[in-house]
Amino acid sequence: RPVPKGGGSGGGRIPPTRFTARGMDVPDEYPPLPDGSQLPFTPGAAPMPTRGDMRRVVHKHGARGTVAGKTRFPRDWSDQDIEDAIELTIRRPSRDVEPFGDQLRFERVVDGVLVRVHVRTHPQSGEAPTFWSAYPVYRD
């Protein structure tokens, strides 16, 4: 992420958000999958959404999203809050990571919202795993 170059009250630092994985201890590895295998990456090297991915997630699932029939993140979550919740869910899931076809499913309750993230593993091509999707499942 680009760091602001100055101005404002942030002193050039990235402004804090309500939930972030920055500064958190990240485990060296994830627990094994139900079949006993390890994930193909560590929490510190997990695939994160690109800017294009984030535009797609916000377009579909942001509070002002324009795609009908999609679940929405809360109105009081900024785009940065959504991105931080996704990163937190991938790096520190609160539930066991589950295989889901050629994807891995990560889940975490963030500020009362169950956030679900899918990462594609590309087992046939051998490509590096990539972020695929993220969305809210429910809100407490």
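In this predicted model, His122 has a relative accessibility of 15% and therefore counts as buried, since the cut-off for that class lies under 20%. The residue is found in the loop that runs between β3 and β4. Its backbone is worth a look as well: His122 is not a glycine, yet its phi is positive, at about 55 degrees. As helpful background, most residues other than glycine have a negative phi.

A second residue invites a similar look. Asp111, also not a glycine, has a positive phi near 50 degrees. Asp111 is placed in the loop between β2 and β3. With a relative accessibility of 41%, Asp111 counts as partly exposed, because that class covers values between the 20% and 50% cut-offs.

From these loops, the description turns to the interior. The largest nonpolar core is made up of 25 residues. Within this core, Trp77, Ile86, Phe106 and Val117 are the residues with the most contacts. Several elements contribute to it: the helices α1 (51–61) and α2 (79–91), together with the strands β2 (103–110), β3 (113–120) and β4 (130–139), supply at least two residues each. The largest share comes from α2, which provides five residues.

Phe106 offers a good place from which to explore these surroundings. When neighbours within four places in sequence are left aside, Phe106 is in contact with Tyr30, Leu39 and Phe41, and also with Thr89, Ile90, Pro93 and Val97. The list of its contacts is completed by Val115, Arg116, Val117 and Val119. Val117, one of these partners, is itself among the core residues with the most contacts.

Conventions:
Residues are numbered from 1 along each chain as its sequence is written. This is a predicted model: local features need pLDDT of at least 70, side-chain atom pairs count only at pLDDT 80 or more; totals for chains, interfaces and linings use all residues. Side-chain values use heavy atoms; hydrogens and water are left out. A nonpolar core is a set of buried Ala, Val, Leu, Ile, Met, Phe, Trp, Tyr and Cys residues joined through side-chain atoms within 4.5 Å. Buried means under 20% relative accessible area, exposed over 50%, partly exposed in between (1.4 Å probe, protein chains only). Helices (H or I, at least four residues) and strands (E, at least two) are DSSP runs, numbered from the N terminus. Contact means heavy atoms within 4.5 Å.
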